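User: I would like to learn how to read a structure like this one. Please take me through its features one at a time.

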Amino acid sequence: MTEDVPVTDAPVTDAVADEPDTRRIDELLEDLYHGQERISQAAIYRRAVAAELPARLLTRIAALPQGEYAVDEVADLLGGSVI
């Protein structure tokens with residue numbers, strides 16, 4: 001005999017797990033780029049640490065090459081959406 005498993009016990013898919021990360025990236029970028037055209041990788045990383053983003057996101061930001069980025073460039077690289 002098999003039991004019916006509620007939908008809430010279903011495993012989380014990658015698409016659902018990535019959704020909060022995208023929202024957090026978008027919020028960070030919106031805050032960072034308010035009135036700014038380009039921001040350095042180091043400044044993005046510092047703000048991400050201060051915002052207490054998850055380690056998974058911090059690792060992705062730390063992996064960006066040094067330099068300055070426009071919002072659309074960094075959004076593409078980090079998986080966010082342009083605001």
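**Reading the chain, feature by feature**

Analyst: This is a predicted model. A place to begin is the end of the last helix: helix 4 is followed by G79, whose phi is positive, near 90°.

User: Which residue just after helix 2 also takes a positive phi?

Analyst: The general idea is that most residues other than glycine have a negative phi. In this structure, E52 has a positive phi of about 55° although it is not a glycine. E52 comes just after helix 2, in the loop between helix 2 and helix 3.

User: Is E52 buried or exposed?

Analyst: E52 has a relative accessible area of 65%. The cut-off for exposed is over 50%, so E52 counts as exposed.

User: Let me step back to the overall layout. How many helices and strands does the chain have?

Analyst: The chain has 4 helices and 2 strands. Read from the N terminus, the order of the elements is α-β-α-α-β-α.

User: What share of the residues in the chain is buried?

Analyst: Of the 83 residues in the chain, 28% are buried. Contacts give another view of the fold: among those between residues at least 6 apart in sequence, 59% join residues at least 24 apart.

User: How do I read the interior?

Analyst: In soluble globular proteins, nonpolar side chains tend to be buried together. Here the largest nonpolar core has 18 residues, and L28, Y33, I44, L53, I61 and V74 are those with the most contacts inside it. At least two residues of this core come from each of helix 1 (14-32), helix 2 (41-50), helix 3 (55-62) and helix 4 (71-78).

User: Which helix gives the most to this core?

Analyst: Helix 1 does, with 4 residues.

User: With which residues is V74 in contact, leaving aside its neighbours within four places in sequence?

Analyst: V74 is in contact with L29, Y33, I44, L64 and Y69. Y33 and I44 appear in that list, and they are also among the core residues with the most contacts.

User: How do I find the buried side of a helix?

Analyst: An α-helix has 3.6 residues a turn, so residues three or four places apart point the same way. Take helix 2, where the buried residues are Q41, A43, I44 and A48. These cover an arc of only 165° around the axis, which puts them on the same side of helix 2. R46 and A50, on the other side of helix 2, are exposed.

User: Which residues of helix 3 are buried, and which are exposed on the other side?

Analyst: L57, L58 and I61 are the buried residues of helix 3. Their arc around the axis is only 100°, so they lie on the same side of helix 3. On the other side of helix 3, A55 and T59 are exposed.

User: And which residues of helix 4 are buried?

Analyst: In helix 4 the buried residues are V74, A75 and L78. They cover an arc of only 105° around the axis, which places them on the same side of helix 4.

User: How do I describe the way two helices pack?

Analyst: Look at their axes, then at the residues between them. The axes of helix 2 and helix 3 come within 9 Å and cross at roughly 170°. That angle makes helix 2 roughly antiparallel to helix 3. Helix 2 contributes Q41, I44, Y45, A48 and V49 to the contact, and helix 3 contributes L58, I61 and A62. By type, the residues of this contact are 7 nonpolar, 1 polar and no charged.

User: What can I read from a strand, such as strand 1 with I39?

Analyst: I39 lies in strand 1 and is buried, with a relative accessible area of 9%. Leaving aside neighbours within four places in sequence, I39 is in contact with L32, Y33, I44, G67, E68 and Y69. I39 and V71 are 32 residues apart in sequence, and their C-alpha atoms are 8.2 Å apart in space.

User: How does S40 in strand 1 read?

Analyst: S40 lies in strand 1, residues 38-40. At 24% relative accessibility, S40 counts as partly exposed. Beyond its neighbours within four places in sequence, S40 is in contact with G67 and E68. S40 and Y69 are 29 residues apart in sequence, with 6.2 Å between their C-alpha atoms.

Note on methods
Residues are numbered from 1 along each chain as its sequence is written. This is a predicted model: local features need pLDDT of at least 70, side-chain atom pairs count only at pLDDT 80 or more; totals for chains, interfaces and linings use all residues. Side-chain values use heavy atoms; hydrogens and water are left out. A nonpolar core is a set of buried Ala, Val, Leu, Ile, Met, Phe, Trp, Tyr and Cys residues joined through side-chain atoms within 4.5 Å. Buried means under 20% relative accessible area, exposed over 50%, partly exposed in between (1.4 Å probe, protein chains only). Contact means heavy atoms within 4.5 Å. The arc is that of the directions from the helix axis to the C-beta atoms. Axes are lines fitted to C-alpha atoms, for helices over the stretch in contact, and angles run from 0 to 180 degrees between N-to-C directions. Angles under 35 degrees count as roughly parallel, over 145 as roughly antiparallel, 65 to 115 as roughly perpendicular and the rest as oblique. Ala, Val, Leu, Ile, Met, Phe, Trp, Tyr, Cys and Pro count as nonpolar, Asp, Glu, Lys and Arg as charged, and the others, Gly among them, as polar.
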